[in-house]
Amino acid sequence: MSAITAHHDDHAHSHEPSFAQQLRSNRLGLWLFFFSELFLFAALLVARFFLWGGARPELSQVLGLIATSVLLLSSFFVYRAESAMAHGDRKTFQSGMLIAAFLGTLFFIGVVFMEWNIFGLQGEIAGIELFGHLKPTDGVFGAVFYAMTGMHALHVLSGIIFLLIVWNNGRKGHFSSEEHWGVEAAALYWHYVDVIWVFFYPALYLIGTAG
Amino acid sequence: MRNRNHIINVTALVFIVTVPLYYLLRAIYALPQAASAEAVPIDQMFTGHFIAIAFLFSLIMVFMLYSAFVFRRKPGDDTDGPHIHSNTALEIIWTVVPTFVVLGFGIWGTVTLNDLVSAKENEMTIEVTGQQWSWSFAYPEQEGFSSPTLVLPVDQPVVLKMGSKDVLHSFWVPEFRVKQDLVPGQETTLRITPTEIGDYKVRCAEICGTAHSTMLADVQVVSAAEFDAFVEERTQAPVYAEMTPEERGEMWYTGGEADWASCAGCHSLDGTRLAGPSWLGLYGRTEELEDGTTITADDDYIRKSIFEPNAQIVATYAPAMPAVFVDTFAAKEAEILANEGIEIDIVDDLIAFIQTLEE
Amino acid sequence: MNTLSIWLTSAYVRGLIGQIIGTAVGFGFITAIRAVMGLDTSNIEPAVVFGALIGVPGSLLGAGVLTDWIKWIFGKKTPLRHGAPEGKPEWSRYINVDVNHKVIGIQYGFTSVLVLLIGGFFAVLFRIELAAPGMQYLTNDNFNTLFSAHGIIMIASILLGVGAMVNYLVPLMIGASDMAFPRLNAFSYWVGIPAVVLILSGMFVGGWDTGWVGYPPLSLRAPLGVQLFLLGFYINGLSSIAGSINLLVTVTTMRAKGMSLFRMPIFVWAAIAASIIQFTATQTVGMALLMVVTERTIGLNFFNPTTGGNPILYQHLFWFYSHPVVYVFILPGLGVISELLPVFSRKPLFGYKWIALSSLGIAFVGFLVWAHHMFTSGMNDALRIPFMISTMFVAIPTGVKFFSWMATMWEGKLSFETPMLFVLGSISVFLIGGVTGPILGTIPTDMHLHDSYWVVGHFHSTMFGGFVFPFFAAVYYWYPKISGKMYKESLGKLHFWLMTPAFWLMSLGQMRAGLLGMRRRIADYDPALGVETTQVLVTVAALVIGWSVLIMVYNLISSARSQKMAATNPWNSRSPEWQIPYPVPEFNYDAPFEVVGDPYDYGLDGSKYVQTIPMPAVGD
Ligand code: HEA
Ligand code: HEA
Ligand code: CUA
Ligand SMILES: [Cu+2]
């Protein structure tokens, strides 16, 4: 029989994983989480194709396009912020995070306050309508549209909060060019949420015939 | 060699045990009477599966119990067994052989299913509607009358076109073997050829709320002549003035030519518990209500139960009855007054009918 | 501090209070808003739903699971706390938030057994009603609520039991000091508590009559209780997802030196396969449940056919999880069987690699078969047939396990202590459960069997054989490791010899009733079916099973109080966790070990599985 005898040394803390090892675990954990969430978003896409088939509701194309571009642009700033931190450039990091959070908020407002017709707002600029018509109770169109944008908006919202927390901690001097897992995680999460939208946007706005 | 003997013993035992085990299983796993053409190929598949179950069960269990008895540790022996790791040939065999077996069952299932669902010649269409918690059957090829009992001519292939008014239900007559859900907003079909004259029951097999357990309907498989008589009776326009109140009552009970939810969907005449209390021996019976009080079923009680169905609920039943009969009865009474010039009271007819149902 | 006040300030009590406060806040908030907006406040459903949602973070805050994370948000670093809360005795760790995987594992285990007793108690209640035709003492609605709650509570119990085994065993088996994310681990456990509370409280606000599947449109019309059931189910899913990601990361990054994939104890493979299912499929059922909740609460219309919805969509999303999840139930159980058989047979595990890969095979094929629950739902035939074939294929990897077990026992030196009895019992019971699966998988026979008691018999034997029996085997087997004491062998054997025959009677009886025409989920049955005697026998069997489980509970509690310590390695196992004496140190192995051989080389002279890596001498 193999023998493992207990050594009673009291170096309990030597058992805690090193930063490098914990980083490896954290990265893997985050990616597994992303993979897991794919199934959530896939379920929504399945619902969309199951219930809408080849049809889609009448939506404001202009609003959709602008919101999408804003979101993609924010990803760029997050990327810039993260690489700035990796080079120890705290200033660029802070501005990048703030701009990204701001753009994310714009996207969020665009979806929740403009595309969603829940506050009954109306208005137009240069003949382009600013607010959507679809209500959550408008049959399967409303249901799927609100579920998909809503679930995504929830992720955007949590992403914004995440970015702001990281920005705040970075401002207070946390993170360094070697150790900035928090920044990396926030950035990855933000990119991930963007990529999801890259699939949602065509499914909602482009595929199928409107009407 | 010791090893060889063990293998021979066990192999022999497996086959010896399989046979009695199969008969034991058949005794436990009894099937109800087979009363449709569909039941024949399905029961053959059951037999095939039961043989496989008996064999596989005896295979593993004989090995296990044999090892348990023959290879048990002798007292005082604390040495280990032989160091045998794996055997590639064996592993390949027990992967490949089951693959072919299950493929065989898959193909058998496909072929059988194809038979079950393909359209038959001269099929008769019947429309089945389910709602919480009753059934109704319409005969579009026989002038579209509807009936709370499913009456089928023997040996006549029928295709059931099914729909639901509210939630999911499922059409199942165990003696016919086949089953199909009723999906609101969608038409589903089921094909049956009844082959045995007799009485059966449709049993709703999908949970559909409070009274799911009592969502039953009678099925009568009858000779062609009886079926014609049934159709004739149901399609003849009744002349109410010429009928006794009891006869009219029975007619209202079954739904008659009126298209209201028939009483028969929820109240049996033979004491069977459906969604509502049985009418057998109802008149004059003392009923215990939900709130613990008791009440005697007299004219007033019955009238009130029909017109305000949720006012007095008999204990252990759910308030399931729709409160629509004040209006539908009044409309029907007005129609008869206009057509035949007589004034009738449908509730009185029903009471008269109920009074005939003594225990 | 005296015992009572330690209990009263425990995380369970604080969590419950937090949940109640959170619920009240959420409820009040929505009621106030609705009142201000001039909406009808007599419809309390939206407020209840929101209250239930807020109650969950309330519970976590109350228990103190989120404390560290909240500090992180404000940039404070927090060291992991080890040991009992300050000034409290060691045992109070078990009723407070703790990050050690062994503590969490035991918490999972306790909760699992408690929840099993509650769910079993419901079963006993409605089984007594079913003993005779006619309504005895339950109303239809009570009956429906009881069996629905029984189903989902039992499933929660299984998931907790899986969590118990995986948490306690995997880090020990792979030589890790803890899980990769200890705080997340605590979160996974503690979030399960409000989930169970939600489900149970659903029974008191009208109950629900949808079964554990919650199919719309019925779940759209069911009483308020269904909302709490759906939310509880959903929250439980969060626990599964977090727990399984944690496990996968732990196994990937924290194995001991030399522990290559094919040298891990076989149970770890089972845990991996189960986690792969859990961290993916759970998301889809979560979405399906949320869809029903939103349809009921805010009118999003997914499933109501009168306005264009489609109830079948729900069934697809539901079964995409709920079929694979049955393999989550059994894979760890089958892992326990594979783990214990070599020890009690004194022979190597036959075909280790095939068994390991068959777990992955079951998990993988399990993803492709979900629609076999929907054969009669009105699906297109072109879809039914591929699902029939794929369903049949699950038999192949499962068969590999059975055959390998037989070969493991063959010519071994078998002994029959209680854990081994439960292993053999579970093989027999899972076998009958398994072989009654393909008959459901072929569509023509399923047309008769679907939604009948045959299905009930099938899944009780798979779940008992694949989870309950092996779980009990594991409890008895690792009991000396956990408690340092030995359970009472005589009571253990009594438990086995009562439960096994009773279980056989119950499941064969259920299958018989189903074939004869007994539908599932009925409060009352037609005596004309000729199943009256069968029903009585099933009820009697249920009572016997219940008693036998109580005997186990008694055995475990009373043995823990005995004075005599158990031997360090009573089963003479090669597994690393048995090489260290009781109590297991906080970080498991004070000196790390290295894998130098195969895990199950019983009978190979001089072979070793693990050996301690010599530590450089300190000091001197
Ligand atoms: C732990 C749980 C568990 C397990 C392991 C299984 C295993 C299997 N199940 Fe089961 N099942 C359930 C739990 C489980 N099931 C539950 C809970 C339900 C009902 C849900 C509800 O509606 O509430 C259900 C329902 C269910 C249905 C739907 C029935 C219906 O509602 O109409 C079907 C249909 O195909 C099915 C099939 C199978 C098959 C083919 C297997 C296979 O995995 C079995 C494989 C094993 C073997 C076959 C035995 C060993 C193999 C050999 C010895 C090799 C040789 C074998 C052959 C050649 C055949 N199950
Ligand atoms: C792990 C899963 C599991 C387990 C262990 C059990 C255990 C039991 N089950 Fe369960 N069952 C399910 C999972 C499980 N069940 C599921 C998923 C369903 C489907 C629900 C649905 O259709 O939606 C179901 C449905 C179901 C039905 C069908 C209901 C219906 O369709 O109408 C029946 C009927 O006989 C039944 C019976 C039993 C019995 C008698 C036990 C017995 O083994 C129970 C033994 C008793 C105990 C273990 C408790 C012992 C303790 C006491 C008695 C003391 C009292 C305790 C306290 C006061 C706390 N179960
Ligand atoms: Cu209709 Cu059950
Ligand atoms: Cu399944």
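**Figure 1. Surroundings of ligand 2 in the predicted model.** In this predicted model, ligand 2 is surrounded by 31 residues. Arg127(C), His150(C), Trp212(C), His460(C) and Arg521(C) are the closest of these. By class, the shell comprises 21 nonpolar, seven polar and three charged residues.

**Figure 2. Polar contacts of ligand 2.** Three contacts are shown, two of them involving side chains and one the backbone. An N or O atom in the side chain of Arg127(C) lies 2.7 Å from an oxygen atom of ligand 2. For Trp212(C), a polar backbone atom is 2.7 Å from an oxygen atom of the ligand. On the side of His460(C), the partner is a nitrogen atom of ligand 2, which is 2.7 Å from an N or O atom in the side chain of this histidine.

**Figure 3. Helices that frame ligand 2.** At least two residues of the shell around ligand 2 are supplied by each of the following helices of chain C: H5 (101-130), H6 (140-174), H19, H20 (489-516) and H21 (532-561). Helix H6(C) provides the largest share, seven residues.

**Figure 4. Iron atom of ligand 1 and the copper ion.** The protein offers the iron atom of ligand 1 a single donor, the NE2 atom of His458(C), at 2.2 Å. This histidine belongs to helix H19 (residues 453-483) of chain C. The copper ion, ligand 4, is 4.4 Å from the iron atom of ligand 1.

**Figure 5. Ligand 1 between two chains.** Ligand 1 is situated between chains B and C. Its surroundings consist of 33 residues, of which Trp212(C), Asp446(C), His450(C), His458(C) and Arg520(C) come nearest. Trp212(C) is thus listed among the nearest residues of ligand 1 and among the closest residues of ligand 2. The shell around ligand 1 divides into 19 nonpolar, 11 polar and three charged residues.

**Figure 6. Polar contacts and secondary structure around ligand 1.** Oxygen atoms of ligand 1 are approached by Tyr327(C), through a polar side-chain atom at 2.8 Å, and by Gly441(C), through a backbone N or O atom at 3.2 Å. A polar backbone atom of Leu440(C) is 3.3 Å from an oxygen atom of the ligand. Chain B contributes helix H3 (88-117), and chain C contributes helices H12 (324-345), H15 (395-409), H16 (418-435), H17 (438-441) and H19; each supplies at least two residues of the shell. With five residues, H19(C) accounts for the largest share. Helix H19(C), which holds the iron donor His458(C), also supplies at least two residues of the shell around ligand 2.

**Figure 7. Interface between chain C and chain A.** Here, 52 residues of chain C are in contact with 47 residues of chain A. The buried area between the two chains is about 4200 Å², and carbon and sulfur atoms give 68% of this area. Zero salt bridges are counted between chain C and chain A, whereas 10 residue pairs are in polar contact, both residues being at pLDDT 80 or more. On the side of chain C that touches chain A, two or more residues come from each of helix H4 (67-73), helix H9 (225-253), helix H10 (266-298), helix H11 (311-322) and strand S2 (610-612) of chain C. Helix H10(C) gives the most to this side, with eight residues. The residues of this side divide into 30 nonpolar, 19 polar and three charged.

Conventions. Residues numbered from 1 in each chain as written. Chains lettered and ligands numbered in written order. Predicted model: local features only at pLDDT ≥ 70, side-chain atom pairs only at ≥ 80, totals over all residues. Heavy atoms only, no water. Donors = N, O, S within 2.8 Å, 3.2 Å for Na, K, Ca; no water. Helix = DSSP H or I, 4+ residues; strand = E, 2+ residues; numbered from the N terminus. Near = heavy atom within 4 Å. Polar contact = N/O pair within 3.5 Å; in protein donor to acceptor, adjacent residues only side chain to side chain. Nonpolar A, V, L, I, M, F, W, Y, C, P; charged D, E, K, R; others polar. Contact = heavy atoms within 4.5 Å. Buried area = accessible area lost by both parts, 1.4 Å probe. Salt bridge = Lys/Arg side-chain N within 4 Å of Asp/Glu carboxyl O.
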